[in-house]
Amino acid sequence: LVDIYTGWLETIVIGTKKQEYIAEATKKLVARMGRALGTPVTVVNYDMGGEFIQSIKDLEEAGIKTFQKRTNAEVEQANAKLQRIFYTIVAQKRTDFKGSVKQAVDIANNTKNRKLGMTPQEAVEKLRAGQKPEKKRAKTSVRDKNVYKEGTLVRALKKKRDKQGFYKAYKGKH
């Protein structure tokens, strides 16, 4: 479970995709997320997986709004980050399986987020203190920096330039 606003991550390892186990885990995760953020969870987004049907029913009965999306990119991105960290810890043989998962979650929650400019841990602390962690504004794009002022005379190409043939960064033929 990922809080989209702060990037805070809560996780439980489950060895199956059976609805009843997923529903039980979802209840626990929602409660843990609420405690971590200091505010109750009011909305949960899911992807279209069939394993979430029971979870959706249970959450709606508890008064939590649920939305199903075709894909849930935020969660998939957080899951990919968590897996990269997890497998690095496993390769280092630091601890057992559950310890590796806990360490991976701790590292993920203390990794600086480029959009926030702070770690999820810092964002949650700010949120609990009553402040709003503001997302960084996008820097001016290269396209915006290189725009000619109106009225500047420019030369236009009559024939479009072709690409330089087959190009892959790893081929070494630049």
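At roughly what angle do the axes of α1 and helix α5 cross? This is a predicted model, in which local features need pLDDT of at least 70, side-chain atom pairs count only at pLDDT 80 or more, and totals for chains, interfaces and linings use all residues. Residues are numbered from 1 along each chain as its sequence is written, and side-chain values use heavy atoms, with hydrogens and water left out.

To the helices, then. The axes of α1 and α5 (residues 120-128) cross at roughly 70° and come within 9 Å; axes are lines fitted to C-alpha atoms over the stretch in contact, with angles from 0 to 180 degrees between N-to-C directions. The two are therefore roughly perpendicular, a label that covers 65 to 115 degrees. On the α1 side, Arg35, Ala36 and Leu37 meet Val124, Leu127 and Arg128 of α5, where contact means heavy atoms within 4.5 Å.

Now the pockets. A pocket is an open set of points on a 1 Å grid over the protein atoms alone, where a 1.4 Å probe fits, with protein on both sides within 12 Å along at least five of seven lines; lining residues have an atom within 4 Å of a point. The largest has a volume of about 1400 Å³, volume being the space filled by probe spheres set on the points. Among its 44 lining residues, Leu1, Glu10, Thr11, Leu29 and Val75 are closest to the centre. α3 gives the most to that lining, eight residues; helices are DSSP runs (H or I, at least four residues), numbered from the N terminus.

The second largest pocket has a volume of about 570 Å³ and 20 lining residues. There too α3 gives the most, with five.

Note on methods
Angles under 35 degrees count as roughly parallel, over 145 as roughly antiparallel, 65 to 115 as roughly perpendicular and the rest as oblique.
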